[in-house]
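Here are a few exercises to work through with the structure open beside you. Try each task before you read its solution.

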There are 2 protein chains.
Amino acid sequence: MEMISFKNVDITGGFWAERQKINRETTVYSVYDRFKSTGRISTMDCSYKEGDPYKPHIYWGSDVFKWMEGAAYILAKKEDKKLHKLVNDVIDDVEKGVDENGYYNSYFNSIGITEPKFADRDKHELYSAGHMIEAAVALYNATGEDRLLKIAIKNTDYIDRVFRIEHSAKFITPGHEEIELALIKLYDLLKEPKYLELAKFFVLQRGKTKEQEIFANDGGVYSQSHTDVLHQTEAVGHAVRAVYLYCAIADLAKRLNDKELQKAAETLFNDIADKKMYITGGIGAQILGEAFSCRYDLPNRDAYAETCAAIGLAMFALRLNNQNEEEPCSEYADVIEKAIYNGMLSGVSLSGDAFFYENPLAVDLDALNIPRGHAYCTQRKKVFECSCCPPNITRIIASIGDYIYSQNKSRLFVNQYIQNKAEINGKKVEITTEYPKNGKIFIKTENKEIALRKPCWCKKVICSQKYTEQNGYLYFNDNEIKIEFLMEPEFYYANNKVHADIFKTALQYGPVVYCLEEQDQNESVFALKVNVNEKPKLINETFGGLNIIKAFGEVINYSENSLYTAQKPKLKKAVLKYIPYFSFANRGEDNMTVWVNY
Amino acid sequence: MEMISFKNVDITGGFWAERQKINRETTVYSVYDRFKSTGRISTMDCSYKEGDPYKPHIYWGSDVFKWMEGAAYILAKKEDKKLHKLVNDVIDDVEKGVDENGYYNSYFNSIGITEPKFADRDKHELYSAGHMIEAAVALYNATGEDRLLKIAIKNTDYIDRVFRIEHSAKFITPGHEEIELALIKLYDLLKEPKYLELAKFFVLQRGKTKEQEIFANDGGVYSQSHTDVLHQTEAVGHAVRAVYLYCAIADLAKRLNDKELQKAAETLFNDIADKKMYITGGIGAQILGEAFSCRYDLPNRDAYAETCAAIGLAMFALRLNNQNEEEPCSEYADVIEKAIYNGMLSGVSLSGDAFFYENPLAVDLDALNIPRGHAYCTQRKKVFECSCCPPNITRIIASIGDYIYSQNKSRLFVNQYIQNKAEINGKKVEITTEYPKNGKIFIKTENKEIALRKPCWCKKVICSQKYTEQNGYLYFNDNEIKIEFLMEPEFYYANNKVHADIFKTALQYGPVVYCLEEQDQNESVFALKVNVNEKPKLINETFGGLNIIKAFGEVINYSENSLYTAQKPKLKKAVLKYIPYFSFANRGEDNMTVWVNY
């Protein structure tokens, strides 16, 4: 199966067109402004001198490159002279910063000039190089301009020599994965075999030799270096590192047509999707090491669920979806849908200029006073010290069109329902929909051989046309399809191995997970109980672009002051007002919960 | 009001007689053996030399002195030549270890001989000295022997000089409180004003000057040094340190007849009892700093609730109970009852030779794999590196008679229902009861002016005699009283500010909190739901000396393998078998919970 690039797809209206507008008009500039005001932009020329106000950090370059990648995707769809100039100005600076070997890192080529290069596996040099490659490829594809690409090639060639040819680096594989999937992009663009070789080298050498451990004495688990990738059967360690690696495993499996690698990637995906994923598509449950926890440990208030990890999961699932050759199966696109509408989108404010790094599934303001544990982030911030998430949001929203279609030799597959017009292999296709406001979809296509994913949440398909169903896809032979995936508020329940959610329920409307914020209730969100037998209702009021949902239940009417009592708490009727999870914390700090007692 | 010492009271049968027998025959020897095998005993003579197998730790002496105090209470009631000799042998060693100033600490007088004394507030020197005083007073009271008392006096006089007279120590008040309440005991015994002065000095100077902070940069909160004691209105920091200090505040209030100090102590008590205490009487909810958390933060699985803290709470409540002059009020004795039957008693195995340091209210064995958080203790251990709890158990069980009676000018008060014969001011009193197996109590007394605490859990008093009720006490004028505090299984509910317990219930039978252990159910304890409207039943089977209780409910009958589903979990009928909380983990490692969904 082949991916269809967002370049072939114009998002023409609806939910994501609105998100892309905010991304294009606000987010990309807001991230730039914050990167400028924190010194990330000005230090890209590697001119830092003692006494300068901003000292470049080892990963600052990667933040800026990821922002450039996002900007490139925006420019690919619509020229914006101001943005284009900002990008070119950064490239001017990067050109100045490159050293005689073609090596570029804004830290090591300035403040860290005397430090040995490629000597510390945890210094993010290869991670930053990976993001330079991704930005360079994106820019070249968007504009045809190759200034950054030339720099990235030189830098990559230097890395190839040091790591793969001469083995003169002090470590073998990067402490933070990312360059592997970037090298595949470079290979795909240039068809130069050595980049595939280098990606293969980094992926396959990983965990084969004991290397510097990055976090605690965990045998390399944190950085997925505990064993070679073919023997990694559980998703472990730092979640973002993990999914970036898993993307590269999947990429390599496809390029090398390697069944074992493909199997490894699928096994890791299943471990995540079946045992370690929040209902929001958030992953990496625990703050300790920003990492996967053990199976079924999915705490709500203490959820880490980094925005970048949800994005990485969507990236990983997209790869698996697109190499589902023989029997395309909807499970990957279902997970993508979960991640993009919930755990990813919660990472950015409705206004587009503030971001969550962590995405908890419950906020308990009283718990802010608890001395143990970590400081809960209850409000989105404009920038972080480690500001990987904001530009990651920028690039995924700008390129969300990547997620809509895929095709194999005979057929076009629709994976996500986003209003768009596209031209694929010379054939036009058009989707008209208000999804996820409702599940009504109208498709006009010049390619009659088309299959539509039936979303995993869908209990009833309304369609008068003939189709067959296989592995979650509905196969049509029509030029026009009118279909409705009936969308109704639905209560979900976690596997009872997830002790955090036992006797609790989460409300979903289509792919969108809902939550309760205290300002919408008359009561503490934690003292509410929802009646799952009474049908929730959409009300004629929206938040975050979607309908607010009213459910019915009860609340503890507690008047006691004592700590314990034999008096059973009295309940009184209550109406629960649910808003989309992704839109929480847009009206000030508040108690919030996704999982509600039933 | 005046405390009646356990020396006047013989426990003649029933629940506590059994516990005292195990304590006397097993616990006191088991603790000694472990202290011997870990080097704590042999290093008491301060002869440690480089290369010796055991290096004394700064607080090892305190463990041994606390064990001696417990042994003394046992000897006070019943001579035991073997135990008496073990005690005397340790005193021989202590005598050898004292330095020319009369200073004794088994670390500083051997391995730490070159280190400056009283230079580091966190080195437990005054804490250890306090435990020496407590042991010395206990031994003198028990046996009339004053060898250890003489040593303790010299050591205390040295401390008095260094701290109070010459101010030559490098700190003002101890990092770990304990000596304050010990000094009061020494003062009570000898009536030497300087010991009262020194206690007053340590208590009142505390927090008046910024001193070395023991834990993190918390402004002294961890060691209750953040402000002077009159301005401490919330129980904070390390829970054992806190309650030991609060004991001394109460002690001083009484000795100095100081209403402000008394008010301070009561305020701190109320903060604990109304906002920071588990239903088991456990306190110090969080592992971080073994400390009080913020109000209403009472996590179950992550409960710290150190055994010593529950004991300290009982000690503190006893003091407040006994200085309830005008209007004796039962709230203190109610808290004592909670602590001794639950959070304290869970600290020791039924066999008497193994101990919990932490007392969680839920055990989730799956959670043992969670990388963040702390390693859960699921089984009692024979000894700990920091082994303060085992001898603390020894001494409180041996002296549990202290908790039964108190008296004011006109009247004898019965605070705890423990079968005993006592002679108080020449008047005999005898209590016959199986409490807490049931609430039937028979009292014969030569003092007709008697008042009985009506336990806070009691909903119905069965008594045909005349009495009046005031502040939780029933006032009688009889030489014989036959009364029943009707004991029935009762569901308790936490204040809904305690988010950990919301929509959950705990079963209590009289003062005893019950729990579910998984081996008694056919199901996961976390998937069970109890029907609080159906009356639980005592069954004809005991565990830990008390009846097992059968309750009725449902359990999730879950067959799904997926992580999330829209299928509401099916419930099937279930019988819940509750055992006393204090007896959990006596049949191997198991999942356990006190709070059950209802």
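**Exercise 1. Two faces of a strand**

Sort the residues of strand 13 of chain A into a covered face and an uncovered face.

*Solution.* Keep in mind that you're looking at a predicted model.
- Step 1: Find strand 13 of chain A, which covers residues 480–485.
- Step 2: Pick out the covered face, and you get A:I481, A:I483 and A:F485.
- Step 3: The uncovered face then holds A:E480, A:K482 and A:E484.

**Exercise 2. The partners of that strand**

Work out which strands are joined to strand 13 of chain A by the 5 bridges and by the 2 bridges.

*Solution.*
- Step 1: The 5 bridges lead to strand 8 of chain A (residues 440–445), and the two strands run antiparallel. Here A:I443 sits opposite A:I481, a residue of the covered face.
- Step 2: The 2 bridges lead to strand 10 of chain A (residues 461–462), again in an antiparallel pair. This time A:I462 faces A:E484, which belongs to the uncovered face.

**Exercise 3. Domains and core**

Mark out the domains of chain A, then look for what surrounds A:A314.

*Solution.*
- Step 1: The assignment splits chain A into domain 1 (41–205), domain 2 (209–397), domain 3 (412–485) and domain 4 (489–597).
- Step 2: Between the centres of domain 1 and domain 3 of chain A, taken over C-alpha atoms, there are 39 Å.
- Step 3: Now for the largest nonpolar core, with its 404 residues. A:I249, A:A314, B:I249 and B:A314 have the most contacts inside it.
- Step 4: Setting aside neighbours within four places in sequence, A:A314 touches A:I336, A:A339, A:I340, A:M344 and A:I396.

**Exercise 4. Where the chains meet**

Describe the contact between chain A and chain B, and say how the two copies are related.

*Solution.*
- Step 1: Each side brings 43 residues, from chain A and from chain B.
- Step 2: On chain A's side, helix 9 (259–275), strand 14 (489–494) and strand 20 (564–565) each supply at least two residues. Strand 14 gives the most, with 5 residues.
- Step 3: Sorted by class, chain A's side has 23 nonpolar, 10 polar and 10 charged residues.
- Step 4: Strand 14 of chain A pairs antiparallel with strand 20 of chain B over 2 bridges, and A:Y493 stands opposite B:T565.
- Step 5: Rotate chain A by 180° with 0.0 Å of shift along the axis, and it superposes on chain B with an RMSD of 0.1 Å. That's the relation of a two-fold axis.
- Step 6: Since 100% of chain A's interface residues are also interface residues in chain B, the copies meet through the same surface.

Technical notes: Residues are numbered from 1 along each chain as its sequence is written. Chains are lettered from A and ligands numbered from 1 in the order in which they are written. This is a predicted model: local features need pLDDT of at least 70, side-chain atom pairs count only at pLDDT 80 or more; totals for chains, interfaces and linings use all residues. A nonpolar core is a set of buried Ala, Val, Leu, Ile, Met, Phe, Trp, Tyr and Cys residues joined through C-beta atoms within 7 Å. A residue is buried if 20 or more other C-beta atoms lie within 10 Å of its own, exposed if 12 or fewer, and partly exposed in between; C-beta atoms are placed from the backbone. Two residues are in contact if their C-beta atoms, placed from the backbone, lie within 7 Å. Helices (H or I, at least four residues) and strands (E, at least two) are DSSP runs, numbered from the N terminus. Ala, Val, Leu, Ile, Met, Phe, Trp, Tyr, Cys and Pro count as nonpolar, Asp, Glu, Lys and Arg as charged, and the others, Gly among them, as polar. Two strands pair if DSSP finds at least two bridges between them. Domain bounds come from an automatic or database domain assignment. Copies are superposed by least squares on the C-alpha atoms of residues with pLDDT of at least 70 in both.
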